[in-house]
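Here is a briefing for a reader who is new to this structure. Please look over the sequence and the model before reading the points that follow.

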Amino acid sequence: MRALVAKHRLHTVCQSARCPNIGECWAQRTATFMIMGNVCTRACGFCAVDHGAPLPLDGDEPRRVAEAVALLALDYTVITSVTRDDLPDGGASHFAATIRAVRARRPDCKVEVLVPDFAGSQEALAEVLAAAPHVLNHNVETVPRLYPLVRPQADYRRSLGLLAQAAQAGVVTKSGLMVGLGESSEEVLATMADLRGAGCSILTTGQYLQPSAQHLPVDRFVPPQEFEQLRAAGLAMGFAHVEAGPLVRSSYHAARQAGVLS
């Protein structure tokens, strides 16, 4: 997997975000491709991805992602990106080009995209939706009270609006929450209810782990039984699937979450 990613000059969130599940997923020949470079224009307090001034877009990247998907013979793939506030459309056209390239190279492969908020642009999101991804994922990450600390350049209501727009367009929508950052149980449940109200049908919930001493500290480690309680609460709210556990991340078992693979 490492050789394939390097040969095709690709980035994965598995590496850039220091995902704890990289061993399990790569052993199964699955990876979450991260397009538009590995430098983000935002500096969220939880995220290990480098931030700063990104390089220009690589127009050949969609083809290389598609080639990697074909070589891995994937039936389901997840494509995410850094946030590119420097681009007029936030990179929406690049997402669309990548979806279409994968579909052209491997027509039966389902594509899930984990997108940024495109600075609230409905037109940018519509361009991604026009490429017909199988699942549209956008993580709210935390409860609204903690946004100034955790996601200072994001907006909770803007993220909910993006999910609602995608759901109204008939696309399966998904979102993720971290716990252990100082939120209360009541706040988590209220955020889950907001997501359901926005039409979100798949939820992932996992433990926040501090990627370095420069990132936000862990407030507490949530015990496994609380994750099971969150899963039960989410299903009771009407989520079609809830993946909850200490090491759950938004792309973990993504195909199973979408009901594509057993």
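The buried residues of helix 6 (buried meaning under 20% relative accessible area, exposed over 50%, partly exposed in between, with a 1.4 Å probe and protein chains only) pack against helix 5, strand 6, strand 7 (135-137) and helix 8, where contact means heavy atoms within 4.5 Å. Helices (H or I, at least four residues) and strands (E, at least two) are DSSP runs, numbered from the N terminus. This is a predicted model, in which local features need pLDDT of at least 70 and side-chain atom pairs count only at pLDDT 80 or more, while totals for chains, interfaces and linings use all residues. Residues are numbered from 1 along each chain as its sequence is written, and side-chain values use heavy atoms, with hydrogens and water left out.

**Helix 6**
- Ala 124, Leu 125, Val 128 and Leu 129 are buried in helix 6.
- Seen down the helix axis, the buried residues fall within an arc of 140°, taken from the directions from the axis to the C-beta atoms, so they line one face of the helix.
- Gln 122, Glu 123 and Ala 130, on the other side of helix 6, are exposed.
- Ala 132, which follows helix 6, has a positive phi, near 60°.

**Nonpolar core**
- The largest nonpolar core (buried Ala, Val, Leu, Ile, Met, Phe, Trp, Tyr and Cys residues joined through side-chain atoms within 4.5 Å) has 35 residues, and Phe 95 and Val 128 are among those with the most contacts inside it.
- The largest share of this core, 6 residues, comes from helix 5.
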